[in-house]
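Biologist: Please show me the sequence and the structure. I have some questions about the packing and the cysteines.

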Amino acid sequence: MISSALTLISFKEQIRYSIKCSTGETIPTDSSEKPLGQVLITFWKTDEDNNMKQERANFVTSAITSPDSTLGYIERASSVESIDETSALKAFDGKGKILTVTWYDKENGNILAVQSYGMAKQGESGDSYEFIYKLTDVNIAPSVPDTTSQTDGYVPSGWTGAPTGVSMEYPYEWVCFRHRTSGVWGCFTGSASDKTKAALWASYQKGMNANLLLQTRFENMAEMDKWEYTDGDITESGYAGYNAFVGTGNVQASYKDILRQVIYRSATDKIVEPGKWYTLSFYAKQTGGGISIPVNVTSTAYGFAFKDVYLKAGNTVTLTVRGYCNAQAQTEKRYLRVYLFKQTDSGSWLENTFADIKTTSSSSASMILNAKTGGVYKIQAYVYPNTSSGSSTTASATVESYTLDRGGEIMTFIYPALTDKTAGGYVDGSPVSMTSDGNVTWKLTTEWLRHTYTFKTKTSLSGVQNVLWRLTEGSNDAFICMPKLEEGKTATAYVPHDSDNRQPVYTLALSTGDMVMCTPNAKLKTQTLTVSLRKDDTQVPMYKPKVSVLDDKGQVIYSYSNTGDSAVTSQDIVTAFNTAVNRGVAPQSIQVTAQISQSATPVVSGTFSVVYEAPTPFLRKETVWTRSLKFNNGDIILIGGKVDAGSVFRWAYPISGNSTMQPASDIQNNPSTTKWVALDYFNMIATNLLLAEGANIGAWYISNGKIVSTLDSTQKNKIELDAAGKVIRVTSSVSGGDFSTNRNRGSSLKIDAEEGTVMVDAADNSSKTSYMSPSGIFANGVETLTLPSSSAGRQCASVVAVGEGDSDDDIYSKGTDNNAVIGVYGNVGNSGTAPSYGGMFMNLRVHGFMPGVTYISPSATSYHLTETATMVMCASTSRCLVYLPASTRDGQTVVLEQLGTGSMRLYASGGQKLRTGATEASYVDASAGYTIIAVFIKGLGTETWCINKIKL
């Protein structure tokens, strides 16, 4: 248990890194510019409490330069505590030497610290450098300042003299420097590649921001219900192993909306918030070769195979024709000519181009047109030239297809009025002016490219706002892959939405439940019997289903496989069942397998039992068995008309038939395969069966149409079987067992078929009751002891779970609950919007509190907590990015302890916030020995994790 005597640690500073030289800010040299003593470089870290300690550096470079060249460069990729640069400085000759040491974060390549040291002859002041820094919100290098000063420590306006540190709001920090030689400061200069631009110093490395868009894996069309437009199809040929959505171009439409998802709905879905920056990113490409237009028309006409297509003004398109001429056309020196042209209302042509095909076998020809005006263009074929005097009418040409390559182009919209136009935006990192509907046009190539669009939402939002992808009239088919909407100005690596990350459960479901119901004679109770694939609770398509009908020994009677490549919504099993029955074997189970995709794995399987109704016994009139007879399930034959043992046999098989020998011989010779059952005796009553009042069946009696355990009306302990009332009643003079505090109330137990309940009431009218039904268990009597009455004390409860288990742990489940003995277990889910709890108690009393522990390994660099995380022990030896669960339960508490020598950086998930007191934080760091207590609240309007960081 955590002690209440804690010292709260406030957040004072960010972690800072620095480099120190044993000689100070300059390195003293002799007259030949060789170091006079040892030059030792060390590395230091200052934590958020301003405590400085020496660190080991994992990646360090040292550069020795002169004003006009680089004299030496040393890279050290292994861990070092210090570096002796004395020998290196002595080895390189040059005037005005400078030593520059750079310390990198080996994990992400960011610069932690950089320091330069000038060489000075003893008694002289050496060369030196000064650095200035600037934050930007986009990845565009600022220009170096055009001002300078001879004052030491000069910082131009808009710049800082020390790194400020990057954040989600300002994710990039840049650096410039100036050099003092012979006591004079020079101008500021920038990166080595462009000295007029600042060099990148640091970038925001939060990790992977949460994806605010749902169903971006594009797993199958059945799981696209969160997208309001899905005009296209899904392909497995996406980017980086993910599926892609294919918007198919329409050559006869001006544009086509292919994907749309709501990102703000004032009443419910407030995915984005007012006045914040967001970045939309996605991978996209176009199909090469264009869109195929089937034609397959043969004609002798001067004008046929007409098609209208939409072209975008300014686009250059290629139209490819495939076709041929017949031999007569070639004899007459005529051929196939196809024109692409723009026609005015009066019928004249503004723009046109053509291509000819003169072969008698199928071939292709292409034409190119720069569509100047855009809009509707026409394609028209001709047997060319026109019929002249003496030409036959049998000369023909065939157009098999047109293929129109319009290039690739899509548009995205953030609409109808979500973006703040005054804030501007960024498209693929470049600043742009914004429109009210946030539309951007993207040119696509046949290679996958990632596009980014950064925008700011208006300070006030209302109505329904969407993100939309649209194919323009200038596009072939377009592929969209890995779309992501995230908070901030930086496009981080793609991740699906948190709710999409859970591994789905695939099952095969039978349309009639778990069993195939049949009559006693192997006839299906329903002729509509199908199996479908379900992903969690949603039906999805399946591939290559296989149905196998098995007998009582598990052998296959009949098997059918659907080997096609197309998706199947459900698989009928009636035909397979009836085929098996027609082969004279009674099915006992049906096994179905199916693939969840076109690939060979994974495969889902399901086995469904075949259940036969009990047959009604039927006495056959025959008293002599012959092979020509045919028996149905339940038929009884009395050999010789006798009713004693050895003469009575019943056919006990759902398939009608007969044995090849007498029933008695078949039972004796084929005990494992016989379908006959021998009966010891068979009593027959010629009239209807009558049971008289007061008659007995063993120890049971008939009373008022009920079967009762006693006819004594004064007897308090009694059992009644009431078929008419559809209940079973048990009355007793006592209540409760050995653990009951009051055994004298009497009790009445009722099993009610109408209500579907089992109820026990106290017989003394005290309203004490308990009942069990499919909806749950209820008990309001608090008279059951938690310990035997012989024990000290007296604790009573409505529900008591005690006992002694016998379950051993094993080496594979140490530190887990895989093996455990549990008194009461609760776990529920809710498909609605209300929270779900495994248990709820008012005034909870606990003796021994053991929260579940989640362990983060020493090698972990990131970890996503689930909603069941309570106590988290992080043993990471480096920085580990830990993401809190996207909680839905007010008051959920997670305690996190940093045990390892590294540190833990804590983030919220799913757009939720972090808050330390009154301050909102992007993340919270905890080094070794720190504990974080995170409490989730949503009662104040914003879903927030309240953070308290402590150190014992």
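The questions below cover a nonpolar core, a helix and the cysteines.

Modeller: This is a predicted model, in which local features need pLDDT of at least 70, side-chain atom pairs count only at pLDDT 80 or more, and totals for chains, interfaces and linings use all residues. Residues are numbered from 1 along each chain as its sequence is written, and side-chain values use heavy atoms, with hydrogens and water left out.

Biologist: Which helix gives the largest share of the largest nonpolar core?

Modeller: A nonpolar core is a set of buried Ala, Val, Leu, Ile, Met, Phe, Trp, Tyr and Cys residues joined through side-chain atoms within 4.5 Å; buried means under 20% relative accessible area (1.4 Å probe, protein chains only). The largest one has 39 residues, and Leu508 and Val516 are among those with the most contacts inside it. Helices are DSSP runs of H or I, at least four residues, and strands are runs of E, at least two, numbered from the N terminus. Five residues of this core, its largest share, come from helix H4 (residues 574-582).

Biologist: Which residues of H4 are buried?

Modeller: The buried residues of H4 pack against several strands, including E36 (515-518) and E42 (589-595). They are Val574, Ala576, Phe577, Ala580 and Val581.

Biologist: How far from cysteine 874 is the nearest cysteine sulfur?

Modeller: Cysteine 874 is buried, with a relative accessible area of 0%. A disulfide is a pair of cysteine sulfur atoms within 2.5 Å, and a search of the whole structure finds zero. The nearest cysteine sulfur to cysteine 874 belongs to cysteine 880, at 4.5 Å.

Notes:
Buried < 20%, exposed > 50% of the residue type's maximum accessible area, 1.4 Å probe, protein only. Contact = heavy atoms within 4.5 Å.
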